[in-house]
Amino acid sequence: MADAAPAPITPMMAQYFELKAQARDCLLFYRMGDFFELFHDDAKVASAVLDIALTARGTHQGAPVPMCGVPVHAAEAYLARLIKAGHRVAIAEQVETPEAAKARGGAKALVACDIIRFVTAGTLTEEALLEARTSNWLVAVCEVGGKIGLAAADISTGRFELVELGADALDAELARLSAGEIIAPEGFVRAGATLRPRADFDTQRAAEKLATLFASADFTRNELAAAGGLMAYLEHVGRGRLPFLSAPLSRTGTGHMAIDAATRASLELTRTPEGARKGSLLDNLDRTLTGAGARLLAADLSAPLCDTDAIMARLDLVGHYAGDSLARAGLRAELKALPDIARALGRLVAERGSPRDLGALRDGLGQARLLRERLGQAAYPPALLCALLPALEGHGALVAQFKRALVETPPLDPKDGGFIAPGYDAALDELRALSSDGRRALAALEAQLRARTNVPTLKIRHNNVLGYHIEVPAKSADPLMKADSGFTHRQTMAGAVRFNTPELHEIAVKITQAGAHALAAEAAHFEALVTQALARRHEIAATADALARLDVAAALAERAVEGDWVRPHFVPAPVFSIEAGRHPVVEAALRQQGGAFVANDCALTPDQRLWLITGPNMGGKSTFLRQNALIAVLAQMGSFVPAKAATLGLVDKLFSRVGASDNLARGRSTFMVEMVETAAILAQATPNSLVILDEVGRGTSTYDGLAIAWAVVEAIHEVNACRCLFATHYHELTRLAETLPSLANAHVRATEHKGDLVLLHEVAAGPADRSYGIAVARLAGVLPAVLARAKAVLARLEAGRARTGGLAAGLDDLPLFACVVEEHKPDPLHAALGALDVDALSPRDALEALYRLKGLAR
C-alpha cells in the first residue's frame with residue numbers, strides 16, 4: 001500500500017518559509033494579529049531563551065510544527081533578552097490592509113507580509129533595548145594592503161568614526177570600543193564577527209556614498225572599505241534605510257593612548273572581571289548627570305589622548321568648574337533636567353521615534369539656548385567653553401514651532417493621538433470638538449434611554465468589536481427584544497444583552513469619523529514636525545555633543561573637589577613623577593570600611609625609569625602598580641588625578657601584566673597567558689610607554705621563572721627603554737641594580753611585632769630584606785605544624801644556598817614531614833588552657849591561673 005501523500009503546505013506557511021529564507025540565520029518574528037509567532041527551530045531556540053511555552057501548530061512533512069509567540073505590545077522586552085543572549089531577529093509585519101488584500105486576490109487572499117527590519121546587537125535604537133549610560137558600537141573591520149580599516153558607528157546617537165591601523169593594534173581598538181557587534185568580509189578571520197559579502201566593502205562605492213551623504217570622502221582606502229561595509233550592513237538591516245550618521249571622524253592610531261584588552265581588564269577601567277560596571281574606575285569616576293555625558297565619559301576613559309594641547313583644553317575646562325563651586329552647581333542643576341536629545345534624534349531618523357522624542361528635542365534644545373546665555377556671562381571662560389557655546393544656539397525657530405505644536409507631555413505612540421496642542425490647528429480643534437460634542441450627546445442619549453425603558457442600569461459602552469452599543473442586564477432585556485421597541489439586538493451574554501438604536505448609530509458615526517480624521521491630521525503633523533527636526537539633524541547632534549562635554553567637565557570637577565584631586569602637569573620628557581598618589585577605587589572601598597589609604601610617591605625619570613619592587617604579599621605592590629597606571633589614564637583623558645602633585649610625559653602605550661588568569665577555553669594555562677601578554681609588551685612597548693608587571697615567571701619552576709623574569713627586566717631596560725614598575729618576589733633580581741644603570745630598587749615596608757606581621761603599605765627605596773612569606777601564611781591561618789615545617793625547610797634552603805649557592809642544597813637529609821609532625825610537641829599554653837574548668841574557678845583560682853598562663857606565654 002502506497003504511503004499517503006504529505007498534506008499540501010498552507011499559504012500562510014508558504015509565506016513564512018519565503019520570509020525565513022530572507023532572514024537566514026536570524027530568528028523570524030512573524031506577525032499574526034496581536035502576536036509575533038516563531039516556528040520550527042526558531043521556536044525551539046526562543047522558547048528556551050525566553051522561558052515561554054513551546055506548542056505546535058499543524059504539521060509539516062508529517063511532523064508537528066513547533067511554535068511559540070510573544071505579544072506585540074511586549075515585544076521589546078523579549079527582543080532585549082534574545083539580543084542579550086547573542087541572537088539576531090528579523091521582524092516581519094503586514095505591509096497591506098486586509099481590504100487591499102481582498103481587492104488584490106479575493107476574499108481568501110493572504111495579507112502580504114515583509115521583513116521591515118533586522119534587530120541586531122549593534123543596530124539598536126529603542127530606549128528599552130539600550131543602556132542609557134553606555135554607547136552601543138557597531139564595528140566593521142577589513143584588511144586592504146596589509147593594513148586594517150575600521151569603521152565604528154553608534155546609530156543610537158549618530159557617532160561615526162573611521163581609523164586605519166596595523167594588525168597588531170586591532171585588538172586594542174576593539175577593546176576600547178567594546179563593540180556590541182562586529183562585521184567583516186567573508187574570509188576575514190575574527191571570532192564572533194558576522195561575515196558579509198566582500199562586495200559590501202568596495203572602496204569606490206563607499207567613496208561615492210560618503211560624498212553623497214557628507215560631501216566628503218577624503219579617507220584612506222582601508223577607512224573607505226570599512227565604511228562601505230558598515231553602511232551596506234546598516235542598509236541591509238534597515239531594509240534600504242540608513243539610520244542617522246554624523247559626518248565621519250577620522251581618528252589616527254597615534255592620537256590616543258594604546259591600551260590592549262588584557263591591560264583594560266587588569267586595570268578594571270570600565271568593567272570588573274565579573275563584567276560589572278560597579279567597582280570599576282568608571283563607576284568610581286562617574287558623576288555625570290545625563291546619559292550622553294556618561295557615554296562620553298566612558299569614551300574618554302577608554303581612549304586617553306596623546307595630544308597635549310587637547311588634554312590641556314579639557315583640563316582648563318575641568319579646572320574652571322573645580323575652582324568655581326557656584327558655577328559648577330548651577331551648570332549641574334540645569335544639566336540634570338535635560339533629556340537625551342542624541343538618542344531621541346537617532347530614533348526619529350530611524351523612523352522609530354515618537355511624539356515624546358519631539359518633546360525631548362523641544363525641551364533639550366530650549367534649555368541649551370538658555371544655558372548658552374548663562375555660560376556666556378563667564379568673566380574668563382576657558383577656550384574649550386568658548387568653542388562649545390556656539391553649538392548651544394541656533395534652534396530658536398524649531399523650538400518655538402515645537403512649543404506651539406506639542407502638548408507639555410507628549411505620549412509615546414503617535415497612533416494614539418493627543419499630542420498636538422490645542423490652538424495649533426483650527427481644523428483639528430474642530431474635529432476634536434465634534435468628537436467631544438458626540439460624547440456629550442452619548443451621555444444625553446443614555447439618560448433618555450434609561451427614562452424611556454425604565455432601566456436605570458442601562459449603559460452605553462464601546463469595544464473594538466461592536467463599537468458603540470447599549471448594554472442592559474439580561475432580566476431587563478425582554479421588552480427591548482420586541483420588533484417595535486426601536487432597539488436592534490446585537491449580542492447576548494450570560495448576564496447582559498447588547499443593542500443598537502438609529503440614534504446611537506448616527507452619533508457613533510460622527511464620533512468615529514471625527515476621531516479618525518483627527519488621528520490622520522495628527523499623523524500628518526507628526527511627519528511634518530519630524531521632517532523639520534531631521535533637516536537640522538547635524539546641528540542638533542552638535543548641540544548634544546556640546547552638552548555632553550559640559551556634563552563630563554562638570555562631573556570631573558565635582559569628583560576632583562570631592563576627592564581632593566590635583567591637576568596633572570605635562571612635560572616633554574619621559575618622566576612619571578607622582579607625589580602621594582592614591583588608588584581611587586581602593587581608597588573609596590577603605591573609606592566605606594572606616595579605613596584610610598596610604599599614599600605613595602613614584603618618580604620614574606630617565607635615570608631611574610625602571611623600578612624593581614619587592615616585599616611581602618598583601619603589602620600593596622599590586623595596588624601601587626595599578627594606581628600609577630590609572631593616574632596616567634586619568635591625566636591623559638583630561639581629568640584631575642588622586643595625588644598631591646603629578647608631572648608626567650605623555651604615555652603612548654600602556655601595558656599591564658598584573659594578576660593571575662587563565663583561558664581554558666583557548667587551551668591556555670595561567671603561565672601561558674602570562675607569557676603571551678609579556679611577549680606582546682616586549683614587542684610593542686616604546687620609550688614613551690608605561691609598563692607595569694607583577695610577578696613575571698611565577699607560574700613555572702623556580703629556576704625557569706627566575707631566568708625569565710631576569711631576562712624580561714634586562715629587555716625592558718636595554719631594548720624597550722620605557723618607564724616600568726616591576727614587582728617581584730625573586731630577590732635575586734635586586735642585584736641587577738649593579739649592572740643596569742636606570743634600574744632602581746624599591747620595596748613595600750613591613751615589620752614583625754611580637755611574632756606578628758605588620759604591613760605598612762608604604763613604598764620605600766632599596767630592596768626588601770625578606771619576603772615574609774611564612775608570616776603571611778600565619779596571617780592566613782595555616783596550621784602551626786605546617787608553618788613549623790616551612791620554617792625548617794626554609795632554614796635548610798638558606799643554609800644550603802649560603803654554602804653552595806644552590807637553592808635545593810641541604811634538602812637531601814631533611815626528615816619527612818610525618819616525622820616532624822610526630823616530634824612536634826603540643827603547645828603548653830594551649831594545653832593549659834584546655835585543661836581549665838572555667839565554671840569551677842573561684843575568683844582567686846582564676847587570678848592564679850591567669851598568672852600561670854602568663855608564665856607559659858613567655
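The numbered points below comment on helix packing, salt bridges, a surface patch and some single residues in this predicted model.

1. Two packed helices are described by the angle between their axes and the distance between the axes. For helix H17, which covers residues 426-453, and helix H18, which covers residues 502-534, the axes come within 9 Å and cross at roughly 155°. Since angles over 145 degrees count as roughly antiparallel, H17 and H18 are therefore roughly antiparallel to each other. The crossing of H17 and H18 is left-handed.

2. A second pair to look at is helix H22 (residues 670-684) with helix H23 (residues 702-720), whose axes come within 11 Å and cross at roughly 15°. That angle makes H22 roughly parallel to H23, because angles under 35 degrees count as roughly parallel. The crossing of H22 and H23 is left-handed.

3. Side chains of opposite charge can pair when their charged atoms come close. If a salt bridge is taken as a side-chain nitrogen of Lys or Arg within 4 Å of a carboxyl oxygen of Asp or Glu, the count for this model comes to 41 salt bridges. The next three points look at some of these pairs and at a network.

4. In the salt bridge between Glu96 and Arg104, the closest N and O atoms are 2.4 Å apart. Which of the words buried and exposed applies to Glu96, and which to Arg104? Glu96 has a relative accessible area of 19% and is buried, because buried means under 20%, whereas Arg104, at 51% relative accessibility, counts as exposed, since the limit for that word is over 50%.

5. Asp200 and Arg196 also meet through their side chains in a salt bridge, with a distance of 3.7 Å from N to O, and here both Asp200 and Arg196 are buried. Arg277 forms a salt bridge with Asp286, with the closest N and O atoms 2.6 Å apart, and again Arg277 is buried, as is Asp286.

6. Salt bridges can also be followed from residue to residue, as the reader may do with Arg159, Glu161, Glu173, Arg176 and Arg251, which are linked in a network of salt bridges.

7. On the surface, Val782, Leu783 and Val786 form a nonpolar patch, and together they have about 240 Å² of accessible area. Val782 is placed in the loop between helix H24 (773-779) and helix H25 (784-804). With a relative accessible area of 33%, Val782 is partly exposed.

8. Arg81 is a residue of helix H3, which spans residues 75-84, and at 39% relative accessibility Arg81 counts as partly exposed. Although Arg81 and Val49 are 32 residues apart in sequence, their C-alpha atoms are 7.5 Å apart in space.

9. Two alanines deserve a careful look for their backbone angles. Ala580 is not a glycine, yet it has a positive phi of about 55°; Ala580 lies in strand E19, residues 576-581, and at 12% relative accessibility it counts as buried. Ala721, also not a glycine, has a positive phi of about 50°. Where is Ala721 placed? Ala721 is in the loop between H23 and strand E25 (723-727), and at 24% relative accessibility Ala721 counts as partly exposed.

Note on methods: Residues numbered from 1 in each chain as written. Predicted model: local features only at pLDDT ≥ 70, side-chain atom pairs only at ≥ 80, totals over all residues. Heavy atoms only, no water. Patch = residues over 30% accessible without salt bridge, like charges linked within 9 Å, V, L, I, M, F, W, Y side chains within 5 Å. Areas by Shrake-Rupley, 256 points an atom, 1.4 Å probe, with all protein chains shown as cover. Helix = DSSP H or I, 4+ residues; strand = E, 2+ residues; numbered from the N terminus. Buried < 20%, exposed > 50% of the residue type's maximum accessible area, 1.4 Å probe, protein only. Axes fitted to C-alpha atoms, helices over the stretch in contact; angles between N-to-C directions. Parallel < 35°, antiparallel > 145°, perpendicular 65-115°, else oblique. Left-handed = near helix turned anticlockwise from the far one by under 90°.
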